[in-house]
2 protein chains.
Amino acid sequence: MNDENKPSTTHTPISSLGEFGLIEHLTKHARHRHPETITGIGDDGAVIKNDEELTVLSTDLLVEGIHFDLMYTPLKHLGYKSVIVNLSDIFAMNATPKQVMVSIALSNRFSVEALTELYEGIHQACINYNVDLIGGDTSSSKSGLVISVTAIGTAAPEQVVYRNKAQEGDHIFVTGDLGAAYLGLQILEREKRIFLENPNIQPELAQHQYLVGRQLRPEARQDIISLFQQQNIVPNAMIDISDGLSSDILHICKQSNVGCSIFEENVPIHPESYHMALEFKLNPITCALSGGEDYELLFTLPSEEAKKVQDTAGFFDIGKITSIDKGTILYGKNGRADQLIAQGWKHL
Amino acid sequence: MNDENKPSTTHTPISSLGEFGLIEHLTKHARHRHPETITGIGDDGAVIKNDEELTVLSTDLLVEGIHFDLMYTPLKHLGYKSVIVNLSDIFAMNATPKQVMVSIALSNRFSVEALTELYEGIHQACINYNVDLIGGDTSSSKSGLVISVTAIGTAAPEQVVYRNKAQEGDHIFVTGDLGAAYLGLQILEREKRIFLENPNIQPELAQHQYLVGRQLRPEARQDIISLFQQQNIVPNAMIDISDGLSSDILHICKQSNVGCSIFEENVPIHPESYHMALEFKLNPITCALSGGEDYELLFTLPSEEAKKVQDTAGFFDIGKITSIDKGTILYGKNGRADQLIAQGWKHL
């Protein structure tokens, strides 16, 4: 289905390298970009120097058949995304990622070439986001591919932003349009079904580059953290939108013991998302609220601070934090007030 | 087969709690034992304070069907072991573990009760080893159970012990008998085969408690690190024996650019391991060299320092570091010299 996923012309069995040969092969290009990274791959543990600042850690597990489908996911993109989703968590703490550890479990249907592609994506993410690959674990699996990534970052103590400090009156911002990654996934699933029914039909992905790209190769919002530093802004609360706007704003409200009002008309939806949602007979706002995997940042700022960014391109003021007794409400374009509902755990 | 693995009388589907309810349920007993643990579970990232000392990190992925068989592994022991194997890596750096992050992927055949058992073991390890559970990720899996653990520790810069500083003339020590965990696994596999052939036959495990215990519920050698601190000992090189003595001493030799002489007669083998090896028609020394999963520490000390510990109960002086041109040699009881051979990657 995907050019980048065509079987490589060579297929070197992983067993030909052995575990340690494999690790060496995959990580020989790992360069340390931070003086704090004392030792990386090759010992029982990685060692990091760290004075004064706080260490911020995040970890994610990506499982084949749940988080990705290798039929339409190029391995290079998968490697890239597996790092990005963790860096996004570090940025959501207003911290700077410095290192990542990547563990992989895979079955013998994968070749060295396939794994090398996966690591190309991992290394590319490390380069683009200036982080050091410092360790991991390589293991077998009897079935699917599993990728576990832990990201390590630092921040000055006064800089770290949690989920539990949103204050009544805060403005709620998001840093980009929502729902596109979810719609990109719907397109990929549709083209997969068509392909499975008739392998001669070529998938129509070219005209949906934006949506498919948001799904397969997301970026994390490093630029927002830099902007905060330049403008001396420290949000009261922040989270990255991985589960969907509804679910994620509800995390902030629950942990901060507050309510919120979200205004549908202010929630940014890309025109392509809007049209594609209608094509799939979905409500665009539902895609934006519950789609997930946007990896935009969602943060709250008091009114005074909000003024600093209200005119910043790409920042969307979507609502306000209220007292807890006001509930967590979505105001529709028609003026109707609905309870915000978190999506359940889709996978189980 | 195993009393502790009997199906619980209640079976609460995980979907009834939802992802966040599940995390709350499993981690409500997580207590922070270190003032450095600023924030744990419940935000995008965990936050750790860390001045002066170095941070040491280690991560491991445990995959069902590869690293454990749920037919004979009580979930509580599995949770315990998944933490222990990571702490062992931190100790192998001569560092003190402070925090762990635990990620789990599982299919809907697991109940909340089953997962609670797994976490009981995780919490017990945290209590016994004085570490804080600070985060993780809970995810679905289409097939087996996957557990990914990252451990975080600290050490003074002059205290950290790497694999690459072994010096010619160093004595090589191990901290306990080897091969038992491997033989425990052979017993469990044998009893499983017998049980599958005739489910009415009860497994005979009681008389093999030591060996089976070494496999199912290993401990990490925190006591050794404490002893080093009390006696002002800093080994030149250290590693934990997870892959097997041969493979692990070869890591030290390769990274330190040295050779070694190991004397078979000095390699500690428990009498039960010895007898069980013969029962399985295996060579006891082969089990000790290549069995793996012993989680004993293997370290090297210069002669002067070696004197301090040579009479310490439980320390075994098994050989010496040589110049690289001498090779990596095992001297048998019969005086024969053989090349030490690292086991390949058994699983692929």
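Two residues are taken to be in contact here if their C-beta atoms, placed from the backbone, lie within 7 Å. With that cut-off in hand, the packing of two helices in this predicted model can be read residue by residue. In chain B, A180(B), A181(B), L183(B), G184(B), L185(B), I187(B) and L188(B) of helix α4(B) meet Y210(B), L211(B), V212(B), R214(B), Q215(B) and L216(B) of helix α5(B). Sorted by class, this contact of α4(B) with α5(B) has 10 nonpolar, 2 polar and 1 charged residues. The two helices, α4 with residues 180-197 and α5 with residues 209-216 of chain B, pack at an angle of about 100°, and their axes are 7 Å apart. Since angles of 65 to 115 degrees count as roughly perpendicular, α4(B) and α5(B) are therefore described as roughly perpendicular to each other.

The corresponding helices of chain A can be followed in the same manner. Helix α4 (residues 180-197) and helix α5 (residues 209-216) of chain A pack at about 100°, with 7 Å between their axes, and α4(A) and α5(A) are therefore roughly perpendicular to each other. On the α4(A) side the contact is made by A180(A), A181(A), L183(A), G184(A), L185(A), I187(A) and L188(A), while α5(A) contributes Y210(A), L211(A), V212(A), R214(A) and Q215(A). The residues of this contact in chain A divide into 9 nonpolar, 2 polar and 1 charged.

From the helices we turn to the sheet of chain B. Here 7 strands form an open sheet with mixed pairing, in the order β9-β11-β8-β12-β10-β13-β14. Its edge strands are β9 (237-240) and β14 (337-339) of chain B, each of which pairs on one side only, and the twist from one strand to the next averages 25°.

Strand β11(B) makes a useful starting point within this sheet. It runs antiparallel to β9(B), to which 4 bridges join it, and in that pairing A237(B) has T300(B) of β11(B) as its bridge partner. Strand β8(B) is likewise joined to β11(B) by 4 bridges, with the two strands running antiparallel, and V174(B) stands opposite L298(B) in β11(B). A residue counts as buried if 20 or more other C-beta atoms lie within 10 Å of its own, and 5 of the 5 residues of β11(B) are buried, so this strand is largely enclosed by the rest of the structure. L297(B), F299(B) and L301(B) point one way from β11(B), whereas L298(B) and T300(B) point the other way, and all are buried.

Elsewhere in the sheet, strand β10 (residues 259-263) and strand β12 (residues 316-322) of chain B run antiparallel and are joined by 4 bridges; in this pairing T322(B) of β12(B) is the bridge partner of G259(B). Helix α7 (residues 245-256) of chain B lies across β8 (171-174), β9, β10, β11 (297-301) and β13 (328-331) of chain B, and runs at about 150° to β9(B).

One loop residue of chain B also deserves a look. M71(B) has its place in the loop between β3 (54-63) and α2 (75-91) of chain B, and with 14 C-beta neighbours inside 10 Å it counts as partly exposed. Although M71(B) and K192(B) are 121 residues apart in sequence, their C-alpha atoms are 7.6 Å apart in space.

What remains is the relation between the two chains. A rotation of 180°, with 0.0 Å of shift along its axis, superposes chain B on chain A with an RMSD of 0.0 Å, and that is the relation of a two-fold axis. The same surface serves both copies, in that 100% of the contact residues of chain B recur in chain A. Of the residues of chain B, D51(B) comes closest to the rotation axis, with its C-alpha at 2.3 Å.

In this interface, 60 residues of chain B are in contact with 60 residues of chain A. On the side of chain B that touches chain A, the largest share, 9 residues, comes from β3(B), and by class that side has 24 nonpolar, 24 polar and 12 charged residues. Strand pairing also crosses between the chains: strand β3 (residues 54-63) of chain A and strand β2 (residues 46-49) of chain B pair in the antiparallel sense over 4 bridges, and A46(B) in β2(B) is the bridge partner of L57(A).

Terms used: Residues numbered from 1 in each chain as written. Chains lettered and ligands numbered in written order. Predicted model: local features only at pLDDT ≥ 70, side-chain atom pairs only at ≥ 80, totals over all residues. Least-squares fit on C-alpha atoms with pLDDT ≥ 70 in both. Pairing = 2+ DSSP bridges. Axes fitted to C-alpha atoms, helices over the stretch in contact; angles between N-to-C directions. Buried ≥ 20, exposed ≤ 12 C-beta atoms within 10 Å, placed from the backbone. Nonpolar A, V, L, I, M, F, W, Y, C, P; charged D, E, K, R; others polar. Parallel < 35°, antiparallel > 145°, perpendicular 65-115°, else oblique.
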